[in-house]
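This short report looks at a surface patch and at some salt bridges. Please have the sequence and the 3D view ready.

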Amino acid sequence: MKPFSRFAAIRNWPRTMLTALVVVLLASVLAAFQQGQHIARERLEASFDRSSISRLNLLQRELHSPFLVPEVLTASKTVRALLAQPNPTAANEQSRILEETALNTHVDVIYVMDLNGNCLAASNWQAPDSFVGKNYQFRPYFQQALAGHSGRYVAKGVTSAKLGYYLARPVTLDGKINGVVVAKISFDALSAHLKAIWHQDEELNLVADKNGVVFVSPLDAFILKSMTPMAATQRKTIESSRQFDDVLQPVAITPGKLLAEGLRFVEFAELPGASFLQKSYAFPDLELGLFLHVPASHYWKIVAQFTAMLTLLALVVFLACISLYQRWVYSAKLIETAIRDPLTGLHTRLYMGDWCQAAIQTHNRVPSAAFGLVVFDLDWFKQVNDKFGHLAGDDVLRRVGQLIRNAIRGQDLAVRFGGEEIAVFVQGADLAETLALAERIRQSVGQFMFQSKGQVIPVTLSGGVAIHTVGESLDALFSRADEKLYEAKERGRNQIRS
């Protein structure tokens with residue numbers, strides 16, 4: 001049926017069209033709400049992931065220099081000499097070295113222990129709460145270091161009662177472990193940063209140890225509370241290592257709707273009246289965890305905005321359809337002349353039908369007037385939209401359309417056939433000429449620097465080539481070209497098959 005006939009048919013059933021428009025409007029509102037939820041979830045998940053990377057970078061920056069301290073000191077001759085022959089003179093000299101090292105590296109305390117866990121020297125050797133002479137063999141970081149590993153541990157200091165992160169490394173001599181070097185740091189800078197984020201954006205960041213016990217938080221109400229239920233064995237281990245001297249209580253969480261894996265609504269008794277979206281991350285290399293929370297209003301704001309926008313758009317379309325109904329018959333011809341895709345600048349399928357009909361008729365009459373068809377498809381285009389956004393995807397399509405228009409001749413035809421599928425008809429060409437043009441287009445797209453917000457977007461094309469044979473239908477020609485396109489994709493993409 002021709003386009004004008006289709007519009008004439010709509011004109012003859014105004015009630016049917018009006019009912020259909022109402023149904024479409026209601027369906028659009030529902031679809032807008034559902035799509036709004038989907039987009040809000042995607043945006044917030046992406047925001048969570050970016051925040052988690054930022055927080056991990058903060059943790060790594062705070063731990064990088066302190067972690068090097070015990071690593072370097074394990075090779076120190078004075079440390080090894082002290083462990084080989086402990087004596088007060090060597091211990092005092094080593095304590096002075098540790099004191100200067102701690103000051104220069106911004107580490108709270110550095111100390112050296114023998115194989116029995118006795119502290120022989122410490123950077124705080126002159127302080128009233130000095131570690132020297134104390135025994136810490138019950139600490140897990142000491143036991144991990146004795147086993148030849150890097151000890152990591154979050155705990156309250158037995159002497160200072162201050163929370164800190166412990167890093168321990170074994171000291172080896174002639175292949176045998178004969179002591180341990182430990183560095184303890186605080187997270188004052190990180191805590192201040194998270195407090196600033198909380199006051200500015202109401203984003204609640206909670207850093208916990210491997211047992212889920214919060215030790216860095218912008219709010220004191222969460223400190224030394226467990227984010228997850230704690231088994232009796234876990235609690236017993238914590239008590240035996242004197243990790244914390246307080247009785248650990250769980251954070252009072254009321255879980256809500258689960259939006260995606262690991263993403264859910266929660267409420268806290270510590271923050272009455274507030275609802276958050278929560279997502280957790282584990283950093284096993286640091287033996288730490290991160291619990292991120294943003295106000296639930298961020299989610300509903302995106303949903304409301306998107307729903308309102310599409311609903312308004314659907315309403316405008318509905319009213320416009322009613323007001324323009326009587327004019328549709330007269331504008332059918334204008335619609336038929338809309339032969340250009342506004343995004344890519346390529347021709348539309350509407351124009352393609354007339355062009356192909358004429359080309360096929362000519363070829364059937366004149367066997368030498370053959371034409372070629374190349375069906376292109378952008379490789380992994382959905383990933384471009386998912387990673388860089390639909391605006392970046394539209395820009396890629398726009399530039400690909402421009403590259404194709406620049407590559408073809410005036411008598412050729414390029415058509416945006418689907419979302420990211422493009423058909424190119426090469427007039428008067430054999431297989432070799434069509435393949436050559438397809439390769440030029442593929443190479444020009446592959447070599448073009450597509451960018452979005454400073455990031456390079458990798459874009460390649462796959463293509464299938466077919467040459468029209470006398471008497472062949474357009475559908476049959478497309479079917480052969482599509483088969484070659486699928487073959488190109490199955491063979492690894494970014495290639496032309498014929």
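On the surface, L312, L315, V316 and L319 make a nonpolar patch of about 360 Å². Patches are made of residues with over 30% relative accessible area and no salt bridge, with like charges joined within 9 Å and nonpolar side chains (Val, Leu, Ile, Met, Phe, Trp, Tyr) within 5 Å; accessible areas come from the Shrake-Rupley method with a 1.4 Å probe, and for residues only the protein chains shown count as cover. This is a predicted model, in which local features need pLDDT of at least 70 and side-chain atom pairs count only at pLDDT 80 or more, while totals for chains, interfaces and linings use all residues. Residues are numbered from 1 along each chain as its sequence is written, and side-chain values use heavy atoms, leaving out hydrogens and water.

V316 is placed in helix α8 (residues 296–323), helices being DSSP runs of H or I with at least four residues, numbered from the N terminus. V316 counts as partly exposed because its relative accessibility is 48%, where buried means under 20%, exposed over 50% and partly exposed in between (1.4 Å probe, protein chains only).

The structure holds 19 salt bridges, each a side-chain nitrogen of Lys or Arg within 4 Å of a carboxyl oxygen of Asp or Glu. Three are listed here.

| Pair | N to O distance |
|---|---|
| E93 and R96 | 3.8 Å |
| E472 and R480 | 2.7 Å |
| E487 and R491 | 3.3 Å |

Salt bridges that share partners join K484, E487, R491 and R497 into one network. E472 is buried at 11% relative accessible area, whereas R480 is partly exposed at 31%.

Technical notes. Helices (H or I, at least four residues) and strands (E, at least two) are DSSP runs, numbered from the N terminus.
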